Each structure stands twice: as C-alpha cells, then as structure tokens.
Amino acid sequence: MTKKVKVTIIGLGNVGCNLLQILENKKNELKNSYHVEFSIICIADSSGIAIDLDGFKPLEILAHKHSGKRINTFKSYSNGKTVLEALEEINCDLVFEASPVNLETAEPALSYCEKAIEKGYHLVLANKAPLVIAFKDLHEKARYNNVGILYSATFCGGLPVLNICRRDMIAGKITKIQGVFNATSNFILDEMAKGQSFDKALLETQKRGAAEADPKLDIEGWDTANKLVLLANTVLDVSIYLKDIDVQGITQVTADQLKLHKDKNETIKLVAAAVFEGNNYVFSVKPTILSLSDFLGTCNGWEMGVEIHSDIYGISYHKLWEREPIPTAASMIRDAVQLCKY
Ligand SMILES: NC(=O)c1ccc[n+]([C@@H]2O[C@H](COP(=O)([O-])OP(=O)(O)OC[C@H]3O[C@@H](n4cnc5c(N)ncnc54)[C@H](OP(=O)(O)O)[C@@H]3O)[C@@H](O)[C@H]2O)c1
C-alpha cells in the first residue's frame, strides 16, 4: 500500500529546485519500490509562501522559479501569511528545510524547525545552521514530540558518511576522522594550482550552485567547521560548538605556494580533522599540505572525501564527486523516505 506523505518545502534555490526535479523524475520509483508518494502542499521562498492542500505539481513550481519569479507571484500565494503561520495551520507530515545558513542565530530556519517539531512534522534539513547552533535542543524537542530529524544532506551532500558511521560501525570507536568537506574551496584550490584566478574559480562554483549564498562560509572554512560540529555531535558523541574548533580557511593560500608544492608532488587541501588524543577529541579546520598520493590528496576539484579510522572497523575511505547539488537534494529524499516509509 502506498503511503501519501504531505510535505512542505522551505527554500526553493539550488537545493530546493533539485529536490523538486528529483521528486518529479523519481515519483514512480518512490511509489513502486518504496511505497511513498510525496504531495507538496506548502512551499516557501524569501518572498512568502503558497499553499495547495491538493498538492502542487513540481514542474509548475520549477518553471516559475526558473523564469526568475518568486512565490509571491505564484498561484495559491498566501498573501501576508508567514511560514510559521502556515506551519501552524496546515497539517503536513514532513518539512524539508533548505533555506540559507545564518551562523549568528540560525534564524529564521531555527524557528521553522522548532515549529515543525512542535506540530509533530518530521524534519529533513540541508541547512546546517539550526543544528550547529541548537543540535541538542532540537533533538530533545524532537524526542519529546516523537518526531524524526534527519540531515544527511548537510554533511558533504550525497556522501552517506553520517549514515555509515551510525548504522555500520556499531560498537566501534572512531579514533580519527578527517576529510575534505567543502567542494567549493577544493575546486578553487585546484583551479589556482592550474593557474586560474581565485575570483574566476569562485565564480564558477557560484554558477554551478555549489557555493553558499555567502561564499565567505566556504572560503573562510566555516562550512567545513559546521560539518565537523555535526559530525562530532552525531557520530563522535561529543557536544561541541563552532567555538571549540580552531578554524582557518583558504584565503591566505597563494598560487605560488600551490605551484611550489605541486612541483614536489604535493598539494594543499582544506582539511577538517577530529583526532582522539588522551581523553578528548581535538578539532581543527586548516589548509594542510598533503602528498598527491594521500587519499585526501587525490580528492580533486569537485570531490569531497572522508577518511575514518576506527578501533575495530579499520580505516575506510569515502569519496564523492558533486558538482551541482543534485546528490545533496537526493540525500534529502533518502532521509524523507527513511522517516516516512513505515
Ligand atoms: N548548494 C549546495 O551545494 C548545498 C549543499 C549542501 C547543503 N546546502 C545547504 O542548503 C541550503 C540551501 O542552499 P542553496 O544552495 O539551495 O541556497 P540558495 O540557492 O541561496 O537558495 C535558498 C532558498 O531559500 C529561500 N529563502 C531565503 N530566505 C528565506 C526565508 N526567510 N524563508 C524561506 N525561504 C527563504 C531563497 O528564496 P529566493 O528564491 O526568494 O531567493 C531560496 O529559494 C543552505 O542552507 C546550504 O548551506 C547547500
């Protein structure tokens, strides 16, 4: 029997639009193989929200957004209604949150998440900020309200590392985990090593929809640090915040340095690490010189990679090529299916 799942999508940018496209392209697979049918009853961008309890057609929303318009000129626009009011009055099953990161307060996404949880709607996030700022609080509220929160899209897009660590490393202790977590800065460093300018490389990542709305988050290392916070809280069982991480981005790395190291069969990557030393993990995000034959040294351009050292599961290596946020959007769907399948 197919389960009809009524959803709200907040954020209709690069990730939200890819989510809509996959919901359309994969609707038969989702129905036939997973017995889930998603009905999009509420959508929101920065201009406002639209509600259709019978369900919007993903392609109609996409055509509207791709023509450069916003929800305040879409059919069923609820003039003057806020996202919080909409979440209060509609009765949905799950909220997809894909609005921009705000590292100061996580707002307005944090309030959207709290409202969704309070109303008993499952939550699937691509936006890291609410979890980086209020991980414990959101999870406690979710447990209290019997709501599921999944966010595999927040950690290296389509790379299922959070899932692997949680599901497949039972009773293992992670002694070290390190990786190249940010494709935007990785692509920029690679292009600079090839002689391209920083600005031109950054522009290319923005054109592809890979960069954050505020690209400082990528190049100053904060997006990488956000992912380390989520990793620590989710799979290392330590409650940390951004202030607990020593963060350096790639803005000080020069083309000359990259060339010098390339000539020595080396490369510079923005590496995030959590290393268990003594009784604690030590966390860092910094540009790191690597041999071109190191696993992380082989993560080129649009790739992200993670190396997991465990006491009983050996050392495993995971890599993803993601140039546009299609795998990120797909991860939101895998999370939603997992939450709603049963
Ligand atoms: N892009 C990636 O590769 C990637 C990968 C993993 C995770 N993420 C995360 O996913 C989220 C979305 O990324 P993106 O690349 O899709 O960003 P984006 O292209 O900038 O899209 C953001 C969307 O959120 C909407 N929005 C802005 N303020 C809002 C508000 N107050 N209420 C409701 N909607 C609002 C924007 O509206 P308008 O359309 O009106 O501007 C836009 O539709 C971010 O948190 C990002 O960190 C992105």
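Strands β7 (174-180) and β9 (266-277) run antiparallel and are joined by four bridges. One pairing fixes the register between them: Lys-176 has Val-275 in β9 as its bridge partner. The model in which these strands appear is a predicted one.

From β9 the chain passes into strand β10 (residues 280-291), and these two strands are again antiparallel, here joined by twelve bridges. Within that pairing, Ala-272 is matched with Val-285 in β10. The link between the strands is a hairpin with two residues between them, and Gly-278 in its turn has a positive phi of about 65°.

A further hairpin is made by β11 and β12. Strand β11 (residues 303-310) pairs with strand β12 (residues 315-321) in the antiparallel sense, over seven bridges. Glu-303 is placed opposite Trp-321 in β12. Four residues lie between the strands of this hairpin, and Gly-314 takes a positive phi near 70°.

Strands β7, β9 and β11 also take part in covering a helix. Together with α9 (198-207), α10 (216-219) and α12 (255-263), they are included in what covers the buried residues of α8. Helix α8 (residues 183-193) is largely enclosed by the rest of the structure, because nine of its eleven residues are buried. The buried set consists of Ala-183, Thr-184, Ser-185, Asn-186, Phe-187, Ile-188, Leu-189, Glu-191 and Met-192. After the helix comes Gly-195, which has a positive phi, near 100°.

The description can now be widened to the domains. The domain assignment divides the protein into domain 1 (3-157 + 326-340) and domain 2 (161-321). Taken over C-alpha atoms, the centres of the two domains are separated by 27 Å. Contact between them involves 15 residues of domain 1 and 20 residues of domain 2. On the domain 1 side of this contact, helix α6 (residues 129-144) gives the most, with four residues. By residue class, that side comprises nine nonpolar, four polar and two charged residues.

Where does Ile-149 lie? Ile-149 belongs to strand β6 (residues 149-150). Ile-149 counts as buried because 22 other C-beta atoms lie within 10 Å, where the threshold for a buried residue is 20 or more. Leaving aside neighbours within four places in sequence, the contacts of Ile-149 are Leu-123, Leu-138, His-139 and Ala-142. Val-124 is 25 residues from Ile-149 along the chain, yet their C-alpha atoms are separated by 5.9 Å.

The ligand brings the two domains into one picture. Both domain 1 and domain 2 give residues to the shell around the ligand, and therefore the ligand lies between them. The shell holds 30 residues, of which the closest are Gly-11, Gly-13, Val-15, Asp-45 and Asn-127. Two elements, α1 (14-25) and β2 (36-45), give two or more residues to this shell. Of the elements, α1 gives the most, with three residues. In composition, the shell divides into 14 nonpolar, twelve polar and four charged residues.

Notes. Residues numbered from 1 in each chain as written. Predicted model: local features only at pLDDT ≥ 70, side-chain atom pairs only at ≥ 80, totals over all residues. Near = placed C-beta within 6 Å. Nonpolar A, V, L, I, M, F, W, Y, C, P; charged D, E, K, R; others polar. Domains from an automatic or database assignment. Contact = placed C-beta atoms within 7 Å. Buried ≥ 20, exposed ≤ 12 C-beta atoms within 10 Å, placed from the backbone. Pairing = 2+ DSSP bridges.
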